Structures are given as C-alpha cells and as structure tokens.
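Ready for some practice in reading a protein model? Take a look at the sequence and structure below, then work through the exercises one at a time.

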Amino acid sequence: MISCTDFIPAYSELFKFLEKRGGRPAVVGFWEYLSDNFLGNFRSLIEEHGLRGCWIYWSHTLNEEAADFTMELDEEAGLFVIEMHRCPSKGRLLENDRIEPYHDYCGHCEVLYGRVLDSLGFEYECDLSKCDQATCRLIVKKP
C-alpha cells in the first residue's frame with residue numbers, strides 16, 4: 001500500500017526545483033495553489049464547526065500519518081493547539097541520508113493551512129524553531 005509519506009522526498013525535491021526556477025515566490029505560489037485547490041475539506045470543517053473543525057481534521061490526518069502529537073481544544077478560550085512531538089513527514093526527510101531536505105520544507109504548513117484559516121478570520125501561528133528535530137507547535141485562535 002502506498003502512503004502519502006512515500007512521496008515526501010519527491011515533495012522536497014519539487015520545492016527545490018521550483019525555487020531554482022522561480023525563486024521563493026514560485027514555491028510559495030505552488031503552496032498557495034495547493035491550499036486553494038486541495039484543502040476544501042479542511043475549509044468546510046472550519047466553516048461548519050469552527051475551532052472544532054481543526055480538531056476533526058487534524059485528529060484524522062495526523063493519526064492516519066502515524067504522527068506523534070498532542071492536541072488541545074479550548075472552545076471557550078477560542079484556542080486550538082497541536083504539539084507535534086515527531087512529524088512523520090519531516091522525520092522521514094531527516095532520516096534519509098541520500099537527499100538534503102528543502103531548506104524551508106516545513107514552511108508549507110504555514111502557507112497551506114494559514115491561508116485557509118486567515119481567510120476565515122482565525123489567527124494562525126506555527127513555531128518552526130525546532131523543525132530541524134521534526135518538532136513544531138501550531139496555534140489557531142478565534143479572535
């Protein structure tokens with residue numbers, strides 16, 4: 001069975017190729033295209049359930065990817081948090097000694113999800129300061 005994580009090295013190489021051809025704007029443009037055209041299910045969940053839509057989406061997606069994570073949802077406070085203890089995507093890249101990961105590989109999460117959340121009036125931040133260890137923190141707030 002083929003898993004989406006089987007394509008991770010190819011994604012990283014594609015990001016490098018796009019940057020060589022068109023610079024950072026080409027990479028970000030590709031991420032924006034993906035966000036606009038392939039995250040309709042994410043958008044629908046947020047529109048229907050608000051912050052709980054984040055919980056529904058990521059609990060399914062991250063479990064499917066076998067990520068090591070914890071999530072917190074506090075609807076009264078308007079807060080949703082993911083603590084990614086071990087990202088399977090970035091972890092797989094770091095374990096592959098045959099390729100050098102795209103220098104801003106984790107930046108795709110900020111663009112893909114941030115673009116949807118921002119357009120729906122949510123605040124989104126992603127702490128990527130430890131992404132070289134396949135760890136990050138994602139925060140969504142309802143202002």
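The four exercises below use this predicted model.

**Exercise 1. Describe the largest pocket and its lining.**

Step 1: Start with the space. The largest pocket holds about 910 Å³.

Step 2: Find the residues around the centre. The lining has 35 residues, and the closest to the centre are Glu65, His108, Cys109, Leu112 and Tyr113.

Step 3: Ask which elements contribute. Those giving two or more residues include helix H3 (51-64), helix H5 (107-119) and strand E2 (79-86). The largest share, seven residues, belongs to H1.

Step 4: Sort the lining by class. There are 27 nonpolar, six polar and two charged residues.

**Exercise 2. Work out the surroundings of Arg137.**

Step 1: Place the residue. Arg137 sits in strand E4.

Step 2: Check its exposure. The relative accessible area of Arg137 is 32%, so this residue is partly exposed.

Step 3: List the contacts. Leaving aside residues up to four places away in sequence, Arg137 touches Val81, Ile82, Glu83, Glu125, Cys126 and Asp127.

Step 4: Pick out a polar contact. The side chains of Arg137 and Glu83 are joined by one of 2.3 Å.

Step 5: Try a residue from another part of the sequence. Glu19 and Arg137 are 118 residues apart in sequence, and their C-alpha atoms are 26 Å apart in space.

**Exercise 3. How many disulfides does the structure have, and why is Cys54 not in one?**

Step 1: Search the whole structure. The count is zero.

Step 2: Recall the cut-off: two cysteine sulfur atoms must lie within 2.5 Å.

Step 3: Test Cys54. Its closest cysteine sulfur is that of Cys126, 12 Å away, which is too far for a bond. Cys54 is also buried, with 0% relative accessibility.

Step 4: Test Cys87. The nearest cysteine sulfur belongs to Cys106 and is 6.0 Å away, and Cys87 is in no disulfide. With 18% relative accessibility, Cys87 counts as buried, because the limit is under 20%.

**Exercise 4. Are Ala66 and Ala134 buried or exposed, and what is the sign of phi in each?**

Step 1: Begin with the general pattern. Most residues other than glycine have a negative phi.

Step 2: Look at Ala66. Its phi is positive, about 60 degrees, although this residue is not a glycine. Ala66 lies in the loop between H3 and strand E1 (68-74), and its 64% relative accessibility makes it exposed.

Step 3: Look at Ala134. Phi is again positive here, near 60 degrees. Ala134 belongs to the loop between E3 and E4, and at 2% relative accessibility Ala134 is buried.

Note on methods
Residues numbered from 1 in each chain as written. Predicted model: local features only at pLDDT ≥ 70, side-chain atom pairs only at ≥ 80, totals over all residues. Heavy atoms only, no water. 1 Å grid on protein atoms, 1.4 Å probe; cavity = no way out; pocket = protein on both sides within 12 Å on 5 of 7 lines; lining within 4 Å. Points joined across faces, edges and corners; volume = space filled by probe spheres on them. Helix = DSSP H or I, 4+ residues; strand = E, 2+ residues; numbered from the N terminus. Nonpolar A, V, L, I, M, F, W, Y, C, P; charged D, E, K, R; others polar. Buried < 20%, exposed > 50% of the residue type's maximum accessible area, 1.4 Å probe, protein only. Contact = heavy atoms within 4.5 Å. Polar contact = N/O pair within 3.5 Å; in protein donor to acceptor, adjacent residues only side chain to side chain.
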